[in-house]
Each structure stands twice: as structure tokens, then as C-alpha cells.
Amino acid sequence: MILEKNISLKKIWQILEQITDPEIPVISIIDLGIVRDVHVDENNVEVFITPTYSGCPAMDMISMNIRMALLQNGFTNVKITQQLSPAWTTDWMTEEGKEKLKVYGIAPPVGKSIDQKYLEELKVECPQCHSKNTKLLSQFGSTACKALYQCQDCKEPFDYFKCH
Amino acid sequence: MSENHINISTNQPFNYCLHLADNSLIMGHRLSEWTGHGPMLEQDIAISNIALDLIGQSRNFYQYAAQLKGEGTTEDSLAYLREANEFKNILLVELPNGDWAKTILKLFFFSTYQYYLYQKLINSSDKQLSAIAEKSLKEVTYHLRWSSEWVIRLGDGTEESNKRIKNALDELWAYTGEMFLPSTYETEYAENNIGVDVSSIKIDWDKKVNEIFEEATLPSPNGEGLGVRSFGKEGNHTQHLQAILKDMQYLQRAYPGCEW
């Protein structure tokens, strides 16, 4: 029984790895670090997720995608629980996830969000030409989690995933 | 008899939670009125993002309030099916947006307030309130930074922008006092270590406002603003809230239970 449960758990994590962020389709919800825990009890599966931003409209979509993906793999009793604490921070994003963001053209979060320093000016690297000669155009970008920057060298504007 | 008229004393911070939710929802709704009308694209996006954060925060508080209340209460029934006198938001957030200067100054006062409030609410003995505060504080820090920069830009900008933000100050200052005058439920939950003693954050709030005003070359507004009694928190609102609710609740009132 225990062995079976472990196989299920492993399989569920593998399924979750296939689910991407609807706004940034190159990174998975595991890369993003929003899946906190998975509980399996007989046929019941409970997935704990933490929202990135309070008003993130992608959360409902992500919950639905988790439910659908698990259903397609035979897990019929799925419960998705939103867990607010400890609050999600960009520190939970995997290194692999940050690399994928960069390749996609979004500058990954710089530094740690542990203290208030994340509000100080940071040197954000241009994901196109890797210059650090960039400037903040707007603290708020195309989605709540991003800010808008421009590279002073290649002149390309780009999204920066804010450190939170 | 609505909930508003029954004075139930309980350890469940239902009223307190509603107050926090209503503040965020009404402020968020007001800011959302700028969507598509901002002075430039980046600022339109910024203010819409802030609105989204605030409405998201209010959802977290409403969901918790609904859970405390039980009896089929949902976040939607709390937001869409209560009357104006059952709302517990401060009057400041329901005031019309006015021009950009007034919107900015209102948001600056409110973000400074939330910034210090949530820092203390993190220590609440109520785990869920603490978790929501922790989550929200990260967002509010950005709101505070953004609105501070705008206050400085307008105050220390052109003659016109300086005049406009001074006008905004004249109109809004009297409403800031309510933030620090505790309602009956705030006093009750502050004593239980669930809520925050709002009078205790006034010093920090004043300090921050003065610091930004100085940089913005605006006169220090100290010593006033205590004229307004604690009205909105106890359900006594201006006519402006009625107008917001008429818009916001229209769909659920006309087509109960409608979803899309």
C-alpha cells in the first residue's frame, strides 16, 4: 500500500511538472514554485498551491488545469487548496525556471526578497543582449508580477519578473 | 435586521475582517475606474495592476469572512449583496477619483496606512489574518513606492501640478483622521491581539507622509485631519458609496447568481 502511494505521489508530481503558467507558457508551476504539497489518501488527491499575487487572475486557470490534468490521468477525486502562508516569494522559483524565463525574453528576478532591499534599485540584465545598462520604464508591466524595463544599449524594451 | 444592527461579541473577527476587505475592495474598485483612461499607457497599466492587487486582497479577506460566518455565505454574497450601511470601509476610499492628483494623493495616504497596518497585522494571533497581511504587504510596498514617486513628481513639478495636488490635499486631509480612530470592533480585536491598534500606527504614518511631502516641496499637513469621526467603519457613508454599489452590484441584483 505504501509503495503504491509513493508511486502515485511521484506520478502526480510528474503530471504537475507538465502544467505551465498560462501567462508565461515556458515555465511550469513547479518551476514557479507555487505547488506547496501533495497529499494522497486512497483515491483522494489534495494539491496545495500558493498564489503568486493576491489578485493573480491566472490562479483560477492554474487550478482548473491541475484538476483537468489529474483527471486525464485517472485521479478523479482532486481537491485544490489555496495556502497563503508562508507567502510565495520569487525565491521559490527554481534556477531552471529563471533560466527558462531569460531564454523566453523575460528578465528573471534579481536577488532575494527576504528583506525590504527588493525595493532598492537593482541592476537588471537585458535578456536580449545581456547588458546591465537598463532602465525602469514602469514598475508595473503586462501582468501584476512584472515591471517594464528598457535596455539602453540594444534599446529593446523587456519585461522583468519583479522580486517579491 | 441586518448583521449591521446586531451587536454580537465573539472571538471570531468577522466584522474586523469585513472592514479590511471593504477597504481594499472599494479602493480597488475606484482605481479600476481609471482603466482605459490613464494619462499614459504605462500609468494606466500601473493603476489597473494596483486595483487588481487590492481586489485580490479583498477576496482573501472576504473568503475568510465567509468561512467565519458560515450559513452559505460566500465572498460574492459579501461583496455583491450587502447594502451600503453594512459596508465598513473608511470614507477616504469611497471618495470620487477627481483628477490624477487627487487619485494619487488618496492612494498615497491609503497605501501608507496599509503598509504600517499590515506590518502589525502579520503578528496577529489569528493565523489567516496574519497570512493575508504577509501576502498583501509585499504588494502594498510597491503601491507605496509608486504613489510616493507620483506625489513627489506632482508636488515638485509644474505650477499647475503643484496647485492640483495642494487642492487634493485640502479636499482629502479631513478624511485621513478616520484611519486612526478605532471603531468598536477594532478596539475589541486589538485587545484580543487579533487586530491592530490603529492609533499606534499614526506616528509612523505621519513620519512617512512628512518625509514624502518634504521631498515634494509640499507644506507639512500636521495638526489637522482629526475632525472626522469614525463614520464609514461603523456603516455611515457618503452618498458616493451608494453610487459605487449601484454599478458594482447591478449584475448580481438584476440576475441573482449569474456567472460567466
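This report covers a predicted model, with its confidence, the fold and domains of chain A, and the contact between chains A and B.

## Confidence

Chain B has a mean pLDDT of 91. In that chain, 92% of residues reach 70 or more. Confidence in chain B is highest in helix 5 (residues 100–121), at a mean of 98. Helix 11 (residues 250–254) of chain B has the lowest, at 92. One stretch of chain B needs a caution: over residues 1–9 the pLDDT is below 50. Beyond near neighbours in sequence, that stretch still has twelve contacts in the model.

Chain A has a mean pLDDT of 86. Of its residues, 91% reach 70 or more. Among the elements of chain A, strand 2 (residues 44–49) has the highest mean, 94. Helix 1 (residues 2–17) of chain A has the lowest, 85.

## Layout of chain A

Chain A contains four helices and seven strands. Along the sequence they run α-α-β-β-α-β-α-β-β-β-β. The C-alpha trace of chain A spans about 60 × 30 × 25 Å along its principal axes.

The domain assignment splits chain A in two. Domain 1 covers residues 2–82. Domain 2 covers residues 94–161. Taken over C-alpha atoms, the two centres are 27 Å apart.

## Between the domains of chain A

Nine residues of domain 1 are in contact with twelve of domain 2. The two domains of chain A bury about 900 Å² between them. Carbon and sulfur atoms give 70% of that area. On the domain 1 side, I24(A), D31(A) and Y53(A) lose the most area to domain 2. Together these residues account for 53% of what that side buries.

D31(A) also forms a salt bridge, with K100(A) as its partner. The closest N and O atoms of D31(A) and K100(A) are 2.6 Å apart. The rule finds one salt bridge across this domain interface. Two residue pairs, both at pLDDT 80 or more, are in polar contact between the domains. By class, the domain 1 side of the contact has seven nonpolar and two charged residues, with no polar ones.

## Between chains A and B

The size of an interface is often given as the accessible area lost when the parts come together. For chain B and chain A that figure is about 2,400 Å². Carbon and sulfur atoms supply 55% of it. In chain B, the residues that lose the most area to chain A are K135(B), K138(B) and Y142(B). Together they give 31% of what the chain B side buries. By contact, 26 residues of chain B meet 28 residues of chain A.

The rule finds one salt bridge across the chain interface. D60(A) forms a salt bridge with R59(B), their closest N and O atoms being 3.9 Å apart. Five residue pairs, both at pLDDT 80 or more, are in polar contact between the chains.

## The chain B side

Which elements of chain B give two or more residues to the side that touches chain A? They are helix 2 (41–69) and helix 6 (127–155) of chain B. Helix 6 of chain B gives the most, with 14 residues. By class, the side of chain B that touches chain A has nine nonpolar, eight polar and nine charged residues.

Key:
Residues numbered from 1 in each chain as written. Chains lettered and ligands numbered in written order. Predicted model: local features only at pLDDT ≥ 70, side-chain atom pairs only at ≥ 80, totals over all residues. Heavy atoms only, no water. Contact = heavy atoms within 4.5 Å. Buried area = accessible area lost by both parts, 1.4 Å probe. Salt bridge = Lys/Arg side-chain N within 4 Å of Asp/Glu carboxyl O. Polar contact = N/O pair within 3.5 Å; in protein donor to acceptor, adjacent residues only side chain to side chain. Nonpolar A, V, L, I, M, F, W, Y, C, P; charged D, E, K, R; others polar. Domains from an automatic or database assignment. pLDDT = per-residue confidence, 0-100.
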